[in-house]
Amino acid sequence: MSLPLTGLKILDFSTLLPGPYATQLLADMGADVLRVESPSRPDLLKTIAPRAGKASAAHASINRNKKSIAIDLKHADAKSIIEKLVREYDIVIEQFRPGVMTRLGLDYSQLQKAQSKLIYCSITGYGQTGPYKDRAGHDINYLAVSGLASYSGQKETGPVLSGTQIGDIAGGSHHAVMAILAAVIQRSATGQGQHLDISMSDASLALNTMFGAGALISEQDPSYGTEMLNGGSFYDYYETSDGRHLSIGSLEPIFAAGLLKQLGLMEFMNSIADPRPQAQQVLKQAIAEKIIMQSLAHWHAVFTELDVCVEPVLTVNEAANHEHFIERGMITSVTDKNGNPLKQINSALPFRREKHQAGANLGDHTTEVLIQFGYDKGTINALYESKCVK
């Protein structure tokens, strides 16, 4: 059975995380993704340690199942190559600042002349319009201006950094994939492509969907450790005797009862639904004093037998070796260009390739792609000699 996105052809001009992770998701589901890389300005993702052989492990994973062509987009011959490519690769993803692709002659209005059904997705920090459109930014900035950081942390610490890039991935990558697939469906009905403006700060603001809704109605902002799910209740992490942590999410009465019974704290049952901060803090302290008396292994053994929404905080390698994720196929083996196996985290989507190929090196497929698009040997050699391609 073929993968659902087989036949979808995407030209990917992006680097680092938001665009490449979006195209990883699309490639894992069968899309043919061709990365257009700069011969002189390396993707910084390739420099992130540790390495898998000669390549960055992060690059080998995030750019798996994609081809690479190296083109100097400032070269006089680059535009004609791209125009040929978009006649077949009719979906484009780019994450330059607004105006960069226009200066290169590769913006939506220009490429649409070569491909009338073009779907062109621009991922930027602040979008293609608005007073911040030309402003530099990173994940931390999008979480800050969107309000998400204002209640993600504790009163003692203020805002805290997440272990992953929420604005980049949930904001950029995921919204880009949803928009592209929606545009593909619309194109199949109307025959028309479109320019998709994905703003990571817009998407981060939209991620406030639950507590933001209440804030707009009440005009009272959520804050650190004051909400049901950010530390304002007993729903929290608790330290164990060996310095590890246990997650407790026993919000519903049936789960709370099981938790408190196991901990010998049934006298606090009425405190579960008491919204007063003082009541919740007393309950949290009582739970904390119990949990810190034993090791993580002890509590894991105890709560494995109970259905009360309590789980250990695992490291990435512990998670990768967890029987549940192994059974679910979430750890996979890919091969690099030399056939060497690499362990990677699999796609969480229900559509998966049987075999994965690690992220390609710069320009691994340049000659192959140029031949595919009708360039003869002499023209290809000239392009290499002029340093248009690599």
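A strand, as the word is used on this tour, is a DSSP run of E residues at least two long, and strands are numbered from the N terminus. Keep in mind that you are looking at a predicted model.

**Stop 1: a cis peptide bond**

Select Pro 50, which sits in the loop between strand S2 (32-37) and strand S3 (51-52). Now add Ala 49 to your selection. The peptide bond from Ala 49 to Pro 50 is cis, and its omega is near 0°. Most peptide bonds are trans.

**Stop 2: two residues with positive phi**

Most residues other than glycine have a negative phi. Here are two to look at with that in mind.

Begin with Leu 16, in the loop that lies between strand S1 (9-12) and helix H1 (18-28). Leu 16 is not a glycine, yet its phi is positive, about 60°. Is Leu 16 buried, exposed or partly exposed? Leu 16 is partly exposed, because its relative accessible area is 32%, and partly exposed covers what falls between the 20% and 50% cut-offs.

Next, jump to Lys 387, found in the segment after helix H16 (377-385). Lys 387 is not a glycine either, and has a positive phi of about 65°. Lys 387 counts as exposed, because its relative accessibility is 62% and exposed means over 50%.

**Stop 3: a buried serine**

Select Ser 347, in the loop between strand S15 (341-345) and strand S16 (356-357). Ser 347 has a relative accessible area of 3%, so this residue is buried; the cut-off for buried is under 20%. Which residues is Ser 347 in contact with, leaving aside its neighbours within four places in sequence? Show Asp 28, Arg 64, Met 330 and Arg 352, and you have them. Then display Leu 349 too: the side chain of Ser 347 reaches the backbone nitrogen of Leu 349 at 3.1 Å.

**Stop 4: an open sheet and a helix across it**

For the last stop, colour strands S11, S12 and S13. They form an open sheet of 3 strands in the order S11-S12-S13, with antiparallel pairing. At the edges are strand S11 (236-239) and strand S13 (310-312), each pairing on one side only. On average, neighbouring strands of this sheet are turned by 25° against each other, direction ignored.

How many bridges join S11 to strand S12 (residues 245-248)? There are 4, and these two strands run antiparallel. To view one pair of facing residues, pick Glu 239, which stands opposite His 245 in S12.

Finally, add helix H11 (residues 277-291). Helix H11 lies across S11 and S12, and runs at about 40° to S11.

Technical notes. Residues numbered from 1 in each chain as written. Predicted model: local features only at pLDDT ≥ 70, side-chain atom pairs only at ≥ 80, totals over all residues. Heavy atoms only, no water. Pairing = 2+ DSSP bridges. Axes fitted to C-alpha atoms, helices over the stretch in contact; angles between N-to-C directions. Contact = heavy atoms within 4.5 Å. Buried < 20%, exposed > 50% of the residue type's maximum accessible area, 1.4 Å probe, protein only. Polar contact = N/O pair within 3.5 Å; in protein donor to acceptor, adjacent residues only side chain to side chain.
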